[in-house]
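Open the model in your viewer and keep the selection panel at hand. We will go from stop to stop, choosing something new each time and looking at what is there.

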Amino acid sequence: MKKNFLLLLFLTSLFSFNACSEDNDIPEEVDPAPEQEQEETELTEEERIELEVKNFIYRGLNDIYLYKGDVPELADEYFTNDDAQTEFLSDFSSPEILFNSLLSNQDEFSYLVDDYEELENQFDGISGATGIQFGLGLLSGTNDLFGYIQYILPETSAEEEGLTRGTVFTEVDGEQLTLSNYSELLTRDSFTINIGYVEDNTIFLTDDTANLTDDFYTMNPVFITEVLEMEGRKIGYLMYNSFIANFDEELNAAFAEFKSEGVTDLVLDLRYNGGGSVNTATDLASMITGQFEGEVFSTEEWNEDYQEYYETFSPDFLVNEFDSELSDGEAINSLNLSEVYILTTQATASASELIINGLTPYINVVHIGETTTGKFQASVTLYDSPTFDDENRNDDHTYAMQPLVLKMANRDGYTDFIDGLTPDITITEDLNNLGVLGDPEEPFLARAIDEILGRTQVESRMMIQDKFQFKQIGESDMFKPTYQKMYIDKTPVIKD
C-alpha cells in the first residue's frame, strides 16, 4: 500500500514538473530524431530544380491540356493537399517520364523539350541539316531499311555531293540500316551514305558514296514556284514544305508573282509538308481565295473548361477568319480562285490538312495523291511562367512544353478525321520514276495538269501495274520535335 502511494506521488510530481517546465519555458532536451528527418528530406539544388520542372509540367497539363478529361490524375481535386501532389511528382524519376505518363491515349503529338531556344529556332525554320529530305522504307520480309531522297535542300552538303531526288541509300557509315539502328545512325552530326537507284522494281547499288554534314541551316519553305503556260491556261505550281511564319512574306511574294502572271489555275504541292503555324495556314487560304474575307476559315475546340470560358468571355478567340493582311500589316496577294489542286502523301499533316479541310466548304478542292496523316489538333508553347508565356520565365531551367490544346474544325464543324483525308484521285509515288519536281511531266503534277486541261484520255499513263513495293516507316523530319505539329501563334487567354 505504501509502495503504491509513493508511486502515485512520484507520478504526480513528475506531471507537475513537466507542466511547470512548459509554463516557465524551461529548456528541454531536444529529440534529435525530427531534426535528422528534416535533414534527410532537404533537397539538393538539382532536385529542387527538377521538382520545379515537374510542378510546371503538372500545372500546365492540369490547366490547358486538350485531353485533360481523359487523365484521372489531372482532375482538379485529385490531390487532397500540396504535400500529396509533391509526393506524386517525386515518384517519377525524370520530367520526361512524368510528362509522358500524363498524356491521353488519344495523343500522339504532345511533347516536352529541355531547351526552348532550340524549339523556337525550329519553329523559325532554323536547325541542322545534311541537305537530304528523305523517306524511309522497309524491305519486304526483312528488318532492313532503305532511304530514298525526296528533294535536296540548296546550299547544303547534299547539294555539294551532287545527290538528286530519287537517289537510294541502304547504309550509313558502312552499316546496313535496320529497324533497330536507323534512329541512331541517321541523327549523327555527319555521316556517309552509299548511293543507289531503283530500276525495274529493284534497288541497284553503285560503288559511290556521299559525305554529309549536319550544318546550321535556315529552310525557306517556299521551295518551288513555277508558272506553266499550257493550252491557253496559266497554271501556277507551288511546292510549299512547311508553314513557317517567318517566311510569310516570301509566300505572299510567290502569290504576287502568280497574280502578276495572270494565273488561272493553281497546283499546291503539300506532299512533304508536315504542317506548322495555324495563322500562316489562314493566310495561305486567303491568298488562294480572297473573296471570303471576314468569313470563318476554321474554328477551335478546347478542353471543357477553356471552351466554356472562351464562349462566355471571348467567343471571337475561337474563330480564325479569312483575312486580307499578314501579321505585319502587309496586304495579302489573293488569286480569288474557285478551285485549287492539292497534292498530298501520307506525310501531309496538320496545317496542310487544315488548308484542305478549311477550304472545302468554300471552293472546289481537288485532292490528288495519298491519304493524309490525320492530324487535326494544334498545340501551343508553354513556358514555366505564371501565365505560361515567355515573359517572366523561370531562369532555373530551359524546359518548355508543346501540349495539344485544341482541335481545328472547318466552318461546317468537320474535325476528328483520325484516318486522314482521302484524296479524290489516288496515286502514289513510284520509286522507278519519281520525276523532277516542278516539271510538267513529274507524275503528280502531270496528273493535276491532266485534270485542269480535261485530258482524261491520258489517265492510262498513270495506271502503272508494277510499282516498287515497300512499307514506309517515316521520313527525315521525324527526328525533329516539331515533326507533323500544328501550333497557334496567338497567346491563349489564361483563365482564372
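## Stop one: a pair of strands

Start by selecting Phe 191 and Leu 212: the first stands opposite the second, which sits in β9. Keep in mind as you look that this is a predicted model. Now widen the selection to strand β8 (residues 190–199) and strand β9 (residues 202–213), which run antiparallel and are joined by 9 bridges. Strands of a sheet pair through backbone hydrogen bonds, either parallel or antiparallel. Follow the chain round the turn: β8 and β9 make a hairpin with 2 residues between them. Click on Asp 200 in that turn, which has a positive phi of about 55°.

## Stop two: the whole protein

Zoom out and colour by secondary structure. How many helices and strands does the protein have? There are 13 helices and 23 strands. Of its 496 residues, 50% count as buried. Among contacts with a separation of 6 or more, 73% are between residues 24 or more positions apart.

## Stop three: a sheet of six strands

Select β11, β12, β13, β16, β17 and β22. They form an open sheet of 6 strands in the order β11-β12-β13-β16-β17-β22, with mixed pairing. Its edge strands are β11 (222–230) and β22 (425–426), each of which pairs on one side only.

Now keep just strand β16 (residues 339–344) and strand β17 (residues 364–369), which pair in the parallel sense over 6 bridges. Pick Tyr 341 and look across to β17, where its bridge partner is Val 366.

Next, add two helices to the view. α10 packs on the sheet and touches β12 (233–240), β13 (265–269) and β16. The direction of α10 makes about 155° with that of β13. α12 also packs on the sheet, touching β13, β16 and β17, and its direction makes about 150° with that of β16.

## Stop four: helices against helices

Two packed helices are described by the angle between their axes and the distance between the axes. Select helix α10 (residues 278–288) and helix α12 (residues 351–359): their axes come within 9 Å and cross at roughly 45°. α10 and α12 are therefore oblique to each other, and their crossing is right-handed. To see the contact, show the side chains of Val 278, Ala 281, Leu 284, Ala 285 and Ile 288 in α10, together with Ala 351, Leu 354, Ile 355 and Leu 359 in α12.

Swap α12 for helix α9 (residues 248–260). α9 and α10 pack at an angle of about 10°, with their axes 11 Å apart, and are therefore roughly parallel to each other. On the α9 side, the contact is made by Asp 248, Leu 251, Asn 252 and Phe 255. On the α10 side, look for Thr 280, Asp 283, Leu 284, Met 287 and Ile 288.

Go back to α12 for a moment. How many of its residues are buried? The helix is mostly covered, with 9 of its 9 residues buried. They include Glu 353 and Asn 357. To see what covers them, show β13, α10, β14, β16, β17 and β21, which are included in the cover.

## Stop five: Asn 252

Select Asn 252, which has its place in helix α9. Is this residue buried or exposed? Asn 252 is buried, because its relative accessible area is 0%, and the cut-off for buried is under 20%. Its side chain makes a polar contact with the side chain of Glu 330 (2.7 Å). Leaving aside neighbours within four places in sequence, Asn 252 is in contact with Met 287, Leu 326, Glu 330, Ala 331, Ile 332 and Asn 333.

## Stop six: a sheet of four strands

Select β15, β14, β21 and β18, an open sheet of 4 strands in the order β15-β14-β21-β18, with antiparallel pairing. The edge strands here are β15 (319–321) and β18 (377–379). Neighbouring strands of this sheet are turned by 30° against each other on average, direction ignored. Inside the sheet, 3 bridges join strand β14 (residues 296–301) to strand β21 (residues 404–409). Find Glu 301, which stands opposite Lys 407 in β21.

## Last stop: Gln 402

Finish at Gln 402, in strand β20 (residues 400–402). Gln 402 is buried, with a relative accessible area of 1%. Its side chain makes a polar contact with the side chain of Ser 379 (3.1 Å). Beyond residues up to four places away in sequence, Gln 402 touches several others, including Phe 109, Tyr 111, Phe 123 and Tyr 487.

Key:
Residues are numbered from 1 along each chain as its sequence is written. This is a predicted model: local features need pLDDT of at least 70, side-chain atom pairs count only at pLDDT 80 or more; totals for chains, interfaces and linings use all residues. Side-chain values use heavy atoms; hydrogens and water are left out. Buried means under 20% relative accessible area, exposed over 50%, partly exposed in between (1.4 Å probe, protein chains only). A polar contact is a pair of N or O atoms within 3.5 Å; within protein, one must be able to donate a hydrogen and the other to accept it, and residues adjacent in sequence count only if both atoms are side-chain atoms. Contact means heavy atoms within 4.5 Å. Two strands pair if DSSP finds at least two bridges between them. Axes are lines fitted to C-alpha atoms, for helices over the stretch in contact, and angles run from 0 to 180 degrees between N-to-C directions. Angles under 35 degrees count as roughly parallel, over 145 as roughly antiparallel, 65 to 115 as roughly perpendicular and the rest as oblique. A crossing is left-handed if the near helix is turned anticlockwise from the far one by less than a right angle, and right-handed if clockwise.
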